[in-house]
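This briefing goes through one protein chain by topic, beginning with its interior and moving on to its pocket and to individual residues. Please keep the sequence and the structure in view while reading.

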Amino acid sequence: MKKIISLLLALAMMLALAACGNTPAETTTPVETTPAPVETTEPVVETTAPVETAPQLVVDTCILKEADDKMLNTYSVLAVNPEAPFVDADGNAVADVYVNTAGADALIQWLLSEEALNMAGEYGVAEYGEYLFYVKEDAPVYAGEIAAATEETKTIRLSTTTSVNDSGLLGKLLPEFEAKYGYTVEVYSAGTGKSINNAKMGNADLILVHSKKQEEAFIADGFARVVDGFEAERTSFIYNYYVLCGPSADPAGVAAAASVKDAFAAIAAGGHTFVSRGDNSGTHTKELALWPADLAITAEADSFAGYTEWYVSANTGMGACLVMAEEMEAYILTDKATFLTFVANDGIM
């Protein structure tokens with residue numbers, strides 16, 4: 001009897017061991033199926049394709065009138081006179097104004113050097129396929145020594161127009177000058193009128209602007225001086241052209257107009273939306289000279305009060321005005337350099 005019980009116990013243990021041995025074997029079978037999900041990674045690669053075909057913003061505003069002899073746009077540089085009759089925003093006299101004459105001289109001399117003139121003349125050609133600025137044939141070329149910065153002269157305050165800034169020209173030129181001579185140029189960028197007023201308040205060492213009438217008044221009022229190596233206070237050295245732009249549909253028929261003045265007359269006659277700088281800038285001054293005389297549009301708000309349904313006075317810079325014109329499907333006068341930069345940036349300024 002004892003033998004029978006022992007045999008039964010032994011048999012039970014063998015069965016138990018057999019059962020434990022089979023358990024790992026059975027659980028390994030699902031592992032063989034794990035490679036299958038790897039095949040599902042192929043569609044993930046395909047989902048990246050739409051990123052490459054994402055649509056780009058397209059600027060509809062285009063050049064409709066250019067190359068008119070009334071659309072020349074010349075830039076000049078003037079050094080601020082430290083003995084000028086500086087005033088504050090209210091017209092009150094300001095004393096103890098410091099003007100960095102040495103720094104201003106260095107920057108003006110470098111801007112008129114062969115190196116800088118070549119850079120300005122070639123700027124934009126590689127990126128846009130055409131010239132953004134041209135060097136005047138009669139521009140003086142400075143070949144003398146240019147003083148390096150000292151602790152007292154290293155900061156230069158440049159008051160300038162938005163076009164040379166928004167077009168990227170200053171971003172190209174100034175780093176070269178700073179690296180070579182050790183200066184830091186602080187740029188105040190606004191319309192020519194505001195830039196000149198900024199200098200009149202003693203906040204600039206030199207100005208780079210494009211409005212001959214305002215520049216001559218700046219000189220006549222005693223705010224400019226002659227820089228060593230040059231013959232006059234006002235030195236004109238580069239130029240480009242204004243262009244009349246608008247929606248590609250051109251509802252006013254600007255492109256077919258015989259001249260830019262005829263084009264402005266067509267815009268007014270049809271009451272087509274026009275965005276004006278309205279900021280007493282060089283571009284604004286040029287625009288005012290192109291409207292028909294009988295409209296009597298001037299810088300004064302009262303002069304265009306009857307035209308507000310189509311005449312928009314923005315009182316802001318060129319880049320911002322171009323964005324407005326694009327959004328409003330409006331006409332606009334702009335310098336060509338800033339316009340080409342605007343298009344290259346897909347309408348973002």
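In this predicted model, Phe177 touches Ala106, Leu107, Trp110, Ile156, Gly182, Tyr183 and Val185, when residues up to four places away in sequence are not counted. Phe177 is also, together with Trp110 and Phe133, among the residues with the most contacts inside the largest nonpolar core, which has 51 residues.

**Nonpolar cores**
- Apart from the largest core lies another core, made up of 22 residues, among them Ala257, Ala263, Leu290 and Ile297.
- As general background, nonpolar side chains in soluble globular proteins tend to be buried together.

**The chain as a whole**
- The chain holds 14 helices and eleven strands, and of its 349 residues 42% count as buried.
- Among the contacts in the chain with a separation of 6 or more, 76% are accounted for by residues 24 or more positions apart.
- About 18100 Å² is exposed by the chain, and carbon and sulfur atoms supply 56% of that area.

**The largest pocket**
- The largest pocket encloses about 300 Å³ of space, and its lining consists of 15 residues, of which Leu72, His210, Ser211, Lys212 and Lys286 lie nearest the centre.
- Three elements, namely β2 (72-80), α10 (212-220) and α12 (282-288), each supply at least two residues of this lining.
- By residue class, the lining of the largest pocket divides into three nonpolar, six polar and six charged residues.

**Ser163 and its contacts**
- Ser163 is found in helix α7, which spans residues 162-166, and it counts as buried because its relative accessibility is 1%, which falls under the 20% cut-off.
- Leaving aside residues up to four places away in sequence, Ser163 touches Tyr75, His210, Asp335 and Thr338; of these, His210 is also one of the lining residues nearest the centre of the largest pocket.

**Tyr75**
- Tyr75, which is touched by Ser163, lies in strand β2, and strand β2 is one of the elements that supply at least two residues of the pocket lining.
- Tyr75 is buried, since its relative accessible area is 0%.
- Although Tyr75 and Thr235 are 160 residues apart in sequence, their C-alpha atoms are 8.5 Å apart in space.

Notes
Residues numbered from 1 in each chain as written. Predicted model: local features only at pLDDT ≥ 70, side-chain atom pairs only at ≥ 80, totals over all residues. Heavy atoms only, no water. Core = buried A, V, L, I, M, F, W, Y, C linked by side-chain atoms within 4.5 Å. Buried < 20%, exposed > 50% of the residue type's maximum accessible area, 1.4 Å probe, protein only. Contact = heavy atoms within 4.5 Å. 1 Å grid on protein atoms, 1.4 Å probe; cavity = no way out; pocket = protein on both sides within 12 Å on 5 of 7 lines; lining within 4 Å. Points joined across faces, edges and corners; volume = space filled by probe spheres on them. Helix = DSSP H or I, 4+ residues; strand = E, 2+ residues; numbered from the N terminus. Nonpolar A, V, L, I, M, F, W, Y, C, P; charged D, E, K, R; others polar. Areas by Shrake-Rupley, 256 points an atom, 1.4 Å probe, with all protein chains shown as cover.
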